[in-house]
Amino acid sequence: MTETTQRRSTTTSTTGKQDGAPQGRRGGAGGPADTRGSTAIADTVVAKIAGMAAREVPEVHNLGGGMARTFGAVRQRVPGGGTGVTQGVKVEVGERQAAVDLDVVVEYGAAITDTAADVRTNVVNAIERMTGLEVVEVNIAVDDVHLPDEEDESEPEQRRVA
């Protein structure tokens, strides 16, 4: 982390006060608020933001490879198993930058390159807006195409009437 050091002038002004001395709560107190302390953003926070932003693109059917989706469907059925927002999302977060890897399933008929560009744009905008981190790359792997007649394994099974 980069440390910011500021020096205060200790010369006395004509009013008898020292210039640069703290002046109560509103006083300088060492500089702008953004230089007082540090903020750490966990990988899981960035992964959730990326997962939600990718799912906002209409042509994205789901995230995660085949096995990840299968385990995610099982995990969702177990009480307390979670929602799987980060399924298919891997991130690396540094002090000022983040990199994202996404495994995506697109809807049949969608232009994959256009969908990937839309996902990339949405993910970058969401992460940079919410965290202030610079997103250096968003790598997208299209693992599958969802066909209209396929049953989604993450959706609950239809009730069978006997």
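The expected span of a helix is taken as 1.5 Å times one less than its number of residues. Helices (H or I, at least four residues) and strands (E, at least two) are DSSP runs, numbered from the N terminus. The structure is a predicted model, in which local features need pLDDT of at least 70 and side-chain atom pairs count only at pLDDT 80 or more, whereas totals for chains, interfaces and linings use all residues. Residues are numbered from 1 along each chain as its sequence is written, and side-chain values use heavy atoms, with hydrogens and water left out.

For the 20 residues of helix 3, a rise of 1.5 Å a residue gives an expected span of 28 Å, and the end C-alpha atoms are indeed 28 Å apart. Buried residues (under 20% relative accessible area, with exposed meaning over 50% and partly exposed in between; 1.4 Å probe, protein chains only) in this helix are Thr115, Ala116, Val119, Val123, Ala126, Ile127 and Thr131. Because these residues cover an arc of only 110 degrees around the axis, they lie on the same side of helix 3; the arc is that of the directions from the helix axis to the C-beta atoms. The face turned away from this buried side carries the exposed residues Thr113 and Arg129. The buried residues of helix 3 pack against helix 1, strand 1, strand 3 and strand 4 (134-146), where contact means heavy atoms within 4.5 Å. Just after helix 3, Gly132 takes a positive phi of about 80 degrees.

Helix 1 (residues 43-55) has 13 residues and an expected span of 18 Å, in agreement with the 18 Å between its end C-alpha atoms. Its buried residues are Val46, Ala47, Ile49, Ala50, Gly51, Ala53 and Ala54. The elements covering them include strand 1 (60-63), strand 2 (89-93), strand 3 (97-107) and helix 3 (112-131).

Two packed helices are described by the angle between their axes and the distance between the axes. The axes of helix 1 and helix 3 come within 8 Å and cross at roughly 140 degrees. Helix 1 is therefore oblique to helix 3. Angles under 35 degrees count as roughly parallel, over 145 as roughly antiparallel, 65 to 115 as roughly perpendicular and the rest as oblique. At this interface, Val46, Ile49, Ala50, Ala53 and Ala54 of helix 1 meet residues of helix 3 including Val119, Asn122, Val123 and Ala126.

Ala53, located in helix 1, is buried, with a relative accessible area of 2%. Beyond its neighbours within four places in sequence, Ala53 is in contact with Asn122, Val123 and Ala126. Ala53 and Ala126 are 73 residues apart in sequence, yet their C-alpha atoms are 6.5 Å apart in space.

Methods: Axes fitted to C-alpha atoms, helices over the stretch in contact; angles between N-to-C directions.
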